[in-house]
Amino acid sequence: MSDFVEQCRREWRRLGVPDHLAEEMAADLASDLREAEADGISAEELLGRSAADPRSFAASWAAERGIVPEPAGRENARRRPLVLVAFTAVAAVTVLVAALLLATGEPKVSLGTSGKRPPHAPAAFVLTPARNVQASAAAPIEWILLFVAIAALAFAAWLWSSRGRWQPPAVPVSMPPSA
């Protein structure tokens with residue numbers, strides 16, 4: 001099993017783990033493997049699937065101790081939560097719909113006149129059939145919807161861009177005093 005420990009040492013060296021920490025971890029690992037062997041426990045039983053991959057074992061152990069950053073793997077890949085994806089999609093669709101509604105001017109409202117005087121209106125206010133006026137009744141609402149949707153899309157873009165920047169604080173590595 002010394003080959004496993006040696007491969008871990010090489011990986012720690014490659015990752016930039018300080019020599020004194022790498023030696024301490026290698027000694028701990030070798031000791032644990034010897035004790036397990038003395039107790040009749042195989043390395044596979046002790047280390048699980050990691051026994052077949054010393055490089056990932058060494059990297060994950062160093063990351064758990066806060067010596068190196070977390071290795072990027074399937075488990076740690078930058079995943080976007082489903083809620084953020086849905087929020088972005090809804091904001092984008094809302095921007096498109098509001099822009100299309102504003103561009104087409106839909107829905108239209110027809111304002112027509114009948115030419116008849118309401119019974120309670122004076123004669124001076126008689127409406128005469130002049131023309132059929134069409135206006136977009138929803139334009140103010142569409143503009144508000146467009147601005148809110150653009151703000152939501154900008155917020156989603158900010159969330160997407162800032163999501164990878166924050167990391168939980170790493171455990172500081174304490175260095176022994178130099179002799």
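Modeller: A residue is called buried when its relative accessible area is under 20%, exposed when that area is over 50%, and partly exposed in between (1.4 Å probe, protein chains only). The model discussed here is predicted, so local features need pLDDT of at least 70 and side-chain atom pairs count only at pLDDT 80 or more, while totals for chains, interfaces and linings use all residues. Residues are numbered from 1 along each chain as its sequence is written, and side-chain values use heavy atoms, with hydrogens and water left out.

Colleague: Why does A98 count as buried?

Modeller: The relative accessibility of A98 is 0%. The limit for a buried residue is under 20%, so A98 counts as buried.

Colleague: Where is the place of A98, and which residues does A98 touch?

Modeller: A98 belongs to helix 5, residues 82-104; helices (H or I, at least four residues) and strands (E, at least two) are DSSP runs numbered from the N terminus. Leaving aside residues up to four places away in sequence, A98 touches E142, L145 and L146, where contact means heavy atoms within 4.5 Å. A98 and W143 are 45 residues apart in sequence, and their C-alpha atoms are 7.3 Å apart in space.

Colleague: How many helices and strands are there in the protein?

Modeller: There are six helices and two strands, and from the N terminus the order is α-α-α-α-α-β-β-α. Of the 179 residues, 23% count as buried. Among the contacts with a separation of 6 or more, 70% join residues 24 or more positions apart.

Colleague: What makes the pair of R9 and E23 a salt bridge?

Modeller: The rule asks for a side-chain nitrogen of Lys or Arg within 4 Å of a carboxyl oxygen of Asp or Glu. The closest N and O atoms of R9 and E23 are 3.2 Å apart, so the pair satisfies that rule. This pair links distant parts of the chain, with R9 in helix 1 and E23 in helix 2, 14 residues apart. R9 is partly exposed at 21%, and E23 is likewise called partly exposed at 42%. E6, R9 and E23 are linked in a network of salt bridges, and a search of the whole structure finds five such bridges.

Colleague: With which residue does E11 form a salt bridge in helix 1?

Modeller: E11 pairs with R14, at 2.7 Å between the closest N and O atoms. Both lie in helix 1, three residues apart, about one turn of the helix. E11, at 4%, counts as buried, whereas R14, at 53%, counts as exposed.

Colleague: Which side chain in helix 4 meets E11 in a salt bridge?

Modeller: R55 meets E11 at 2.8 Å, N to O. This pair links distant parts of the chain, R55 in helix 4 (residues 54-64) and E11 in helix 1, 44 residues apart. R55 has a relative accessibility of 45%, so R55 counts as partly exposed.

Colleague: Why is E35 called partly exposed?

Modeller: Its relative accessible area is 47%, which falls between the limits of 20% and 50%, so E35 is partly exposed. E35 lies in helix 2, residues 19-38. D28, D32, E35 and D39 gather in a patch of negative charge on the surface. Patches take residues with over 30% relative accessible area and no salt bridge, joining like charges within 9 Å and nonpolar side chains (Val, Leu, Ile, Met, Phe, Trp, Tyr) within 5 Å. Asp and Glu count as negative.

Conventions
Areas by Shrake-Rupley, 256 points an atom, 1.4 Å probe, with all protein chains shown as cover. Charge placed at Lys NZ, Arg CZ, Asp CG, Glu CD.
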